[in-house]
Amino acid sequence: MIMKKQFKIFFVLVILLMGCSDPALDDIYGEALIYMPQATHNIGTDCNLYLNLSAESSVSDPSLKTKTTIGIYRSGTHPKETVTVDLLLNTDSLSTAQNFALSGLAPSKFDIYKTAILLPAQFYDPLPTHLTIPKGERQATTQLVLHNAEIFSQYEVGQILVLPIQIQNPTRHVINKSLSLTMVVITLTE
């Protein structure tokens, strides 16, 4: 009899507790993180986005411009509210990568940085200083537009140019620091 009474009390408490939960909170999973999908292209082995520019196509079409998407994405199941991040060039990251590549301690995948040069601003269209994910969306993108002919007029085939693009200062949520930097690695080919 006592056991039956305890079971009924337990059953009533469980039902009451279930009714008290906030359904909106039940749908939220984890922490919302903002990151750059381009930093994931190589399945976590590095944060490089590789582009090859062809000298031959630049000669045949001097107005040719290479375009690639740069963007941000918000993970998690939180409500899809507007979020803005700063988009900037992190030139120190190239210096850091070069120093590590030349240290003798770096794995061979860092060799590309040994002779890499920062891509000067006159060889691409200006990037926005902010990216905003609109309310109801998960991502925002912009285009990096490279001026092929101008690049080949200044640099030789085989040169590696790098544009380190980083996101920071979100208006809400948190930046995924391991995926907040995309090293756009541009190799000039024949």
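Let me begin with a term: a polar contact is a pair of N or O atoms within 3.5 Å, and within protein one of the two must be able to donate a hydrogen and the other to accept it. Please keep in mind throughout that what you see above is a predicted model.

With that term in hand, look at Ser93, where the backbone oxygen of Asn90 lies 2.6 Å from a polar atom of the Ser93 side chain. Ser93 belongs to helix 4, which runs over residues 91-102, and its relative accessible area is 13%, so Ser93 counts as buried, the cut-off for that word being under 20%. If we leave aside residues up to four places away in sequence, Ser93 touches Pro164, Leu181 and Met183.

Let me stay with helix 4 for a moment. How far apart should its ends be, at 1.5 Å a residue? The expected span for its twelve residues is 16 Å, and the C-alpha atoms at its ends are 17 Å apart, which agrees. The buried residues of this helix are Ser93, Leu94, Ala97, Gln98 and Ala101, and they cover an arc of only 135° around the axis, which puts them on the same side of helix 4. A general point helps here: an α-helix has 3.6 residues a turn, so residues three or four places apart point the same way. On the other side of helix 4 you will find Asp92, Thr96, Asn99 and Leu102, which are exposed. And what do the buried residues of helix 4 pack against? They pack against strand 5, strand 8 and strand 10, the last of these covering residues 181-189. Just after the helix, Gly104 takes a positive phi of about 85°.

Now let us turn to the sheet. Four strands make an open sheet in the order 7-3-1-9, with mixed pairing. Strand 7 (139-147) and strand 9 (174-175) stand at the edges and have a single partner strand each, so one side of each is left without a neighbour in the sheet. Strand 1, residues 33-35, pairs with strand 9 in the parallel sense over two bridges, and Ile34 stands opposite Ile175 in strand 9.

Strand 1 also brings us to the aromatic rings, for which a search of the whole structure finds four pairs. In one of them, the rings of Tyr35 and Tyr73 have their centres 5.7 Å apart and their planes at 55°, so the pair is tilted. Tyr35 lies in strand 1 and Tyr73 in strand 3 (residues 65-74), so this pair ties together parts that are 38 residues apart in sequence. Tyr73 is partly exposed, with a relative accessible area of 26%.

Compare that with Phe123 and Tyr155, whose ring centres are 5.8 Å apart and whose planes stand at 70°, so the pair is edge-to-face. This pair links distant parts of the chain, with Phe123 in the loop between strand 5 (117-118) and strand 6 (130-133), and Tyr155, 32 residues away, in the loop between helix 5 and strand 8. Are these two residues buried or exposed? Both Phe123 and Tyr155 are buried, and for Tyr155 the relative accessible area is 15%.

Beyond residues up to four places away in sequence, Tyr155 touches Ile117, Pro120, Phe123, Leu161 and Leu188. Tyr155 and Leu188 are 33 residues apart in sequence, and their C-alpha atoms are 8.1 Å apart in space. Finally, Phe100, Phe110 and Tyr113 form one aromatic cluster.

Definitions and conventions
Residues are numbered from 1 along each chain as its sequence is written. This is a predicted model: local features need pLDDT of at least 70, side-chain atom pairs count only at pLDDT 80 or more; totals for chains, interfaces and linings use all residues. Side-chain values use heavy atoms; hydrogens and water are left out. Two strands pair if DSSP finds at least two bridges between them. Buried means under 20% relative accessible area, exposed over 50%, partly exposed in between (1.4 Å probe, protein chains only). Contact means heavy atoms within 4.5 Å. Rings of Phe, Tyr and Trp (its six-membered ring) pair if their centres lie within 6.5 Å; planes under 30 degrees apart count as stacked, over 60 as edge-to-face and the rest as tilted. The expected span of a helix is 1.5 Å times one less than its number of residues. The arc is that of the directions from the helix axis to the C-beta atoms.
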